Amino acid sequence: MPAVSKGDGMRGLAVFISDIRNCKSKEAEIKRINKELANIRSKFKGDKALDGYSKKKYVCKLLFIFLLGHDIDFGHMEAVNLLSSNKYTEKQIGYLFISVLVNSNSELIRLINNAIKNDLASRNPTFMCLALHCIANVGSREMGEAFAADIPRILVAGDSMDSVKQSAALCLLRLYKASPDLVPMGEWTARVVHLLNDQHMGVVTAAVSLITCLCKKNPDDFKTCISLAVSRLSRIVSSASTDLQDYTYYFVPAPWLSVKLLRLLQCYPPPEDAAVKGRLVECLETVLNKAQEPPKSKKVQHSNAKNAILFETISLIIHYDSEPNLLVRACNQLGQFLQHRETNLRYLALESMCTLASSEFSHEAVKTHIDTVINALKTERDVSVRQRAADLLYAMCDRSNAKQIVSEMLRYLETADYAIREEIVLKVAVLAEKYAVDYSWYVDTILNLIRIAGDYVSEEVWYRVLQIVTNRDDVQGYAAKTVFEALQAPACHENMVKVGGYILGEFGNLIAGDPRSSPPVQFSLLHSKFHLCSVATRALLLSTYIKFINLFPETKATIQGVLRAGSQLRNADVELQQRAVEYLTLSSVASTDVLATVLEEMPPFPERESSILAKLKRKKGPGAGSALDDGRRDPSSNDINGGVEPAASTVSTPSPSADLLGLRAAPPPVAPQAPSGAGNLLVDVSSDGPATQPSLGPTPEEAFLSELEPPAPESPMALLADPAPAADPGPEDISPPIPEADELLNKFVCKNNGVLFENQLLQIGVKSEFRQNLGRMYLFFGNKTSVQFQNFTPSVVHPGDLQTQLAVQTKRVAAQVDGGAQVQQVLNIECLRDFLTPPLLSVRFRYGGAPQSLTLKLPVTINKFFQPTEMAAQDFFQRWKQLSLPQQEAQKIFKANHPMDAEVTKAKLLGFGSALLDNVDPNPENFVGAGIIQTKALQVGCLLRLEPNAQAQMYRLTLRTSKEPVSRHLCELLAQQF
């Protein structure tokens with residue numbers, strides 16, 4: 001930058017600013033400003049031409065006056081004239097005035113554009129930077145149209161100075177954000193990506209910001225940036241603080257550039273090139289290792305920079321969700337921050353662990369920190385940290401710890417901040433419903449919820465408990481007894497009265513045999529609350545009273561007396577008056593049979609999405625799914641009142657860069673449970689458990705299988721209203737699977753959820769669950785473009801004899817998929833007998849008038865129908881010897897393709913479907929598993945043994961099953977995972 005000459009001090013400006021600051025009142029300030037404006041106006045209109053210094057001084061004064069909040073309606077032309085000056089200080093003030101005061105509709109835009117164009121062509125780097133800064137600051141469409149074609153040329157020109165390249169990259173980024181259609185990058189793409197190799201770190205930093213924004217719309221065009229970004233990140237991470245002295249911030253090399261590179265990599269799936277992926281994994285491990293090193297400085301700036309890189313690294317690990325070892329290490333690192341003295345670090349650690357809890361690989365590691373999180377919920381002074389702790393407890397909850405977490409959240413609820421009480425109530429209600437095995441525990445939990453925080457228990461919560469009690473015969477008596485006892489409390493919340501009124505009106509007869517809860521006692525208890533309740537609750541209690549007349553004829557006279565009272569028949573509220581009159585007439589006129597028919601017990605509620613969960617999602621807002629639903633499906637969990645009915649099309653409109661599917665956030669919806677008697681189940685649902693074990697309801701397997709039954713149509717007309725979809729194409733009608741289909745399939749052998757396929761147009765996500773020989777799969781098709789897909793037709797094809805081995809029922813989806821939206825397809829799967837080849841998924845649609853076709857292998861492999869089997873060592877070896885025929889064994893010795901980690905191996909074997917047997921193999925380093933493959937035709941027993949050799953980096957895998965093809969196929973599938 002040129003040195004400022006002695007005469008550039010602008011003493012007149014300094015005196016004016018001093019006068020303004022010394023004004024004692026607003027009136028004095030306005031008077032001084034008006035005086036100065038008049039002086040400036042006269043100077044501009046005078047006959048004597050002003051020199052550049054005077055113009056600059058007066059334009060500066062106008063700019064200062066404008067910044068004080070006063071309107072400026074002259075001086076614009078003088079500012080534009082300053083742009084043509086050859087002095088830096090005058091040109092700088094002219095550009096500053098233009099950037100602040102000139103709007104995009106000004107008549108001077110053409111003159112300004114000409115001046116900018118001259119400066120861009122001047123090859124003077126200082127003037128070029130000033131012009132580029134002005135374009136970025138104004139950022140109007142007119143300027144974008146004028147210079148969008150010139151700026152990329154300046155950016156990639158070989159003779160452009162580094163400072164100009166930086167300014168050009170950031171200017172182009174600003175124009176792209178304002179008007180994306182004005183920045184065609186086609187011919188410049190490769191050269192812009194190549195800027196990641198630039199020697200100047202400032203140019204690389206600016207280029208990364210630009211490429212990150214551009215690749216979100218056109219990811220395939222910038223895919224080559226992955227290897228360059230990994231290479232640059234590797235050089236930074238492995239460098240010492242003295243290697244990049246100009247870009248080292250408190251002993252941390254280039255922290256801003258590192259964070260930007262990590263964010264750029266989050267725009268893409270894991271690298272396909274093994275060498276690039278290996279180098280990236282090494283970088284991530286290095287960052288995690290450096291986090292364990294003692295700090296090189298006690299300054300807060302050092303820890304902030306170091307932790308910024310660490311948290312962005314963890315975000316990338318979570319985004320990939322494909323490296324179990326890194327996920328577990330990230331979880332352990334975050335666990336160390338949970339007790340850090342810095343509040344912000346504790347907050348960020350809790351927030352990141354909420355996302356980690358959604359991964360199948362790291363969920364168990366997250367659960368190990370449950371005591372620390374519970375302590376944070378109790379002792380944290382910052383309410384936002386306590387809220388994140390509650391979110392993490394919700395995310396890490398499963399059947400094994402549900403009672404502990406719900407109990408702690410209930411205890412915390414008694415002293416929780418009012419701002420988050422309703423959210424805590426909703427979370428407790430959802431967890432109690434989702435993981436309840438003992439329905440009496442569920443009822444107790446919800447009633448405790450009402451007792452502790454009745455004012456924050458919304459209608460959705462107590463509606464839901466009524467639905468569940470009504471639908472569960474085995475819990476109705478217990479619910480009636482429990483609410484009767486709860487109503488006896490001197491201070492009883494109105495929501496408890498509502499629940500008690502409904503349950504006693506429906507099921508009060510189940511406890512009427514006890515003299516302590518006889519019909520008159522029940523009625524007296526409810527009626528004692530009547531006058532303290534709102535109109536809506538009184539209306540519900542009147543309905544309970546008429547139900548009592550049907551259930552307990554001995555209370556008829558007493559209740560009729562209440563209904564006949566003047567306070568009811570002449571009530572000011574028309575609803576209460578009408579109910580009292582109608583119920584009194586009904587009880588007096590109708591015969592016993594008619595009364596019993598009209599007032600019979602409520603039928604079971606139809607199964608539908610839990611309104612509690614829906615409200616919780618609305619309360620958290622978009623993008624917070626990871627804190628609500630963790631993407632896992634607990635194998636042993638069964639929502640006790642059904643689940644979510646899958647919609648044919650779920651449409652949303654996120655930004656093109658958003659995660660269209662939310663695969664790591666929300667769990668798959670569950671099909672409705674069919675009414676009893678609506679047909680036969682697909683399979684025999686007999687349980688293998690002990691016959692003497694008492695049951696409170698259907699087992700998880702029975703609940704799962706019953707949900708697969710298709711609902712019966714409401715009427716014959718319903719069949720006519722929904723014509724059958726066209727027949728799926730046969731194998732000869734579809735294109736062959738894409739080259740990477742096998743690799744994509746292998747990623748799902750040991751997991752059920754994730755992104756199956758993604759390109760610049762389409763994202764396909766999968767969520768699935770399997771039980772016995774049945775499965776349900778949800779396919780999410782996300783349109784990543786802004787253009788609607790037409791004739792969208794996904795279909796499942798059975799190659800060869802697969803039709804006789806695997807039955808797949810599909811639900812059709814909407815034929816149009818709007819830009820930025822997604823549709824969902826539900827597949828019900830039944831394994832008829834063992835199979836070796838997976839079905840094919842064919843996706844056809846029209847994009848911009850051009851037909852598109854895609855064929856993938858559906859991630860349904862024979863191991864998905866594994867049922868884990870526990871057995872003692874003696875039983876295992878006995879069965880192992882029985883499967884001793886040569887054709888029953890398959891063995892493979894192979895080299896490890898991934899780091900040999902015992903915990904990761906264990907997680908993969910469990911994900912494969914077998915049970916891991918402890919203390920069976922004499923060598924504790926070996927893994928032994930057992931399971932049964934469930935098909936409709938037969939069951940195939942399977943035993944496996946995996947022997948790792950850490951020194952040689954080799955594995956020996958041995959599988960024995962009762963069928964030769966199954967042994968070989970399972971051996972091939974499992975070997976590819978290590």
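Leaving aside neighbours within four places in sequence, which residues is Ile116 in contact with? The legends below start there. The structure shown is a predicted model.

**View 1. Ile116 sits in the largest nonpolar core.** Leaving aside neighbours within four places in sequence, Ile116 is in contact with Tyr95, Ala131, Cys134, Ile135, Met143 and Phe147. The core around Ile116 has 214 residues. Ile116 and Leu449 are the residues with the most contacts inside this core. Helix H12, residues 201-215, gives the most to the core: 11 residues. A second core, separate from this one, has 61 residues. Among them are Phe781, Val808, Val813 and Cys942. In soluble globular proteins, nonpolar side chains tend to be buried together.

**View 2. Ala207 is a buried residue of helix H12.** Find Ala207 in helix H12. The relative accessible area of Ala207 is 1%. Buried means under 20%, so Ala207 counts as buried. Not counting residues up to four places away in sequence, Ala207 touches Ala169 and Leu195. Now look at Val192, which is 15 residues from Ala207 along the chain. The C-alpha atoms of Ala207 and Val192 are separated by 7.3 Å.

**View 3. Helices H14 and H16 run roughly parallel.** H14 covers residues 255-265, and H16 covers residues 300-320. Their axes come within 9 Å and cross at roughly 10°. Angles under 35 degrees count as roughly parallel, which means that H14 is roughly parallel to H16. On the H14 side, the meeting residues are Pro255, Ser258, Val259, Leu262, Arg263 and Leu265. On the H16 side, they are Ala305, Ala308, Ile309, Glu312, Thr313, Leu316, His319 and Tyr320.

**View 4. Helices H17 and H18 run roughly antiparallel.** H17 spans residues 324-337, and H18 spans residues 343-356. The two pack at an angle of about 150°, with their axes 8 Å apart. Angles over 145 degrees count as roughly antiparallel, so H17 and H18 fit that description. H17 passes H18 in a left-handed crossing. From H17, the contact uses Leu327, Ala330, Cys331, Leu334, Gly335 and Phe337. From H18, it uses Leu345, Arg346, Ala349, Ser352, Met353 and Leu356.

**View 5. Lys367 is a buried lysine in helix H19.** Helix H19 covers residues 363-367, and Lys367 lies in it. Is Lys367 buried or exposed? Its relative accessibility is 14%, so Lys367 counts as buried. Lys367 touches Met396, Asp398, Ser400 and Asn401, not counting residues up to four places away in sequence.

**View 6. Helices H27 and H28 also form a pair.** H27 covers residues 494-507, and H28 covers residues 519-530. They pack at an angle of about 150°, with their axes 11 Å apart. That angle makes H27 roughly antiparallel to H28. H27 passes H28 in a left-handed crossing. Val497, Gly500, Gly501 and Leu504 of H27 make the contact with Gln522, Leu526 and Lys529 of H28.

**View 7. Five strands form an open sheet.** The strand order is E3-E4-E5-E8-E7, with antiparallel pairing. Which strands are the edge strands? They are E3, residues 754-758, and E7; each pairs on one side only. Neighbouring strands are turned by 25° against each other on average, direction ignored. Four bridges join E3 to E4, residues 762-771. In this pair, Glu758 of E3 has Gln763 of E4 as its bridge partner. Strands of a sheet pair through backbone hydrogen bonds, either parallel or antiparallel.

**View 8. Strand E8 is largely enclosed by the rest of the structure.** E8 covers residues 822-831, and 10 of its 10 residues are buried. Gln822, Gln824, Val826, Asn828 and Glu830 point one way. Val823, Gln825, Leu827, Ile829 and Cys831 point the other way. Nine bridges join E8 to E5, residues 774-783, in an antiparallel pair. Here Gly775 stands opposite Ile829 of E8. Five bridges join E8 to E7, residues 806-810, and these strands also run antiparallel. Here Ala807 stands opposite Glu830 of E8.

Notes
Residues numbered from 1 in each chain as written. Predicted model: local features only at pLDDT ≥ 70, side-chain atom pairs only at ≥ 80, totals over all residues. Heavy atoms only, no water. Buried < 20%, exposed > 50% of the residue type's maximum accessible area, 1.4 Å probe, protein only. Contact = heavy atoms within 4.5 Å. Core = buried A, V, L, I, M, F, W, Y, C linked by side-chain atoms within 4.5 Å. Pairing = 2+ DSSP bridges. Axes fitted to C-alpha atoms, helices over the stretch in contact; angles between N-to-C directions. Parallel < 35°, antiparallel > 145°, perpendicular 65-115°, else oblique. Left-handed = near helix turned anticlockwise from the far one by under 90°.
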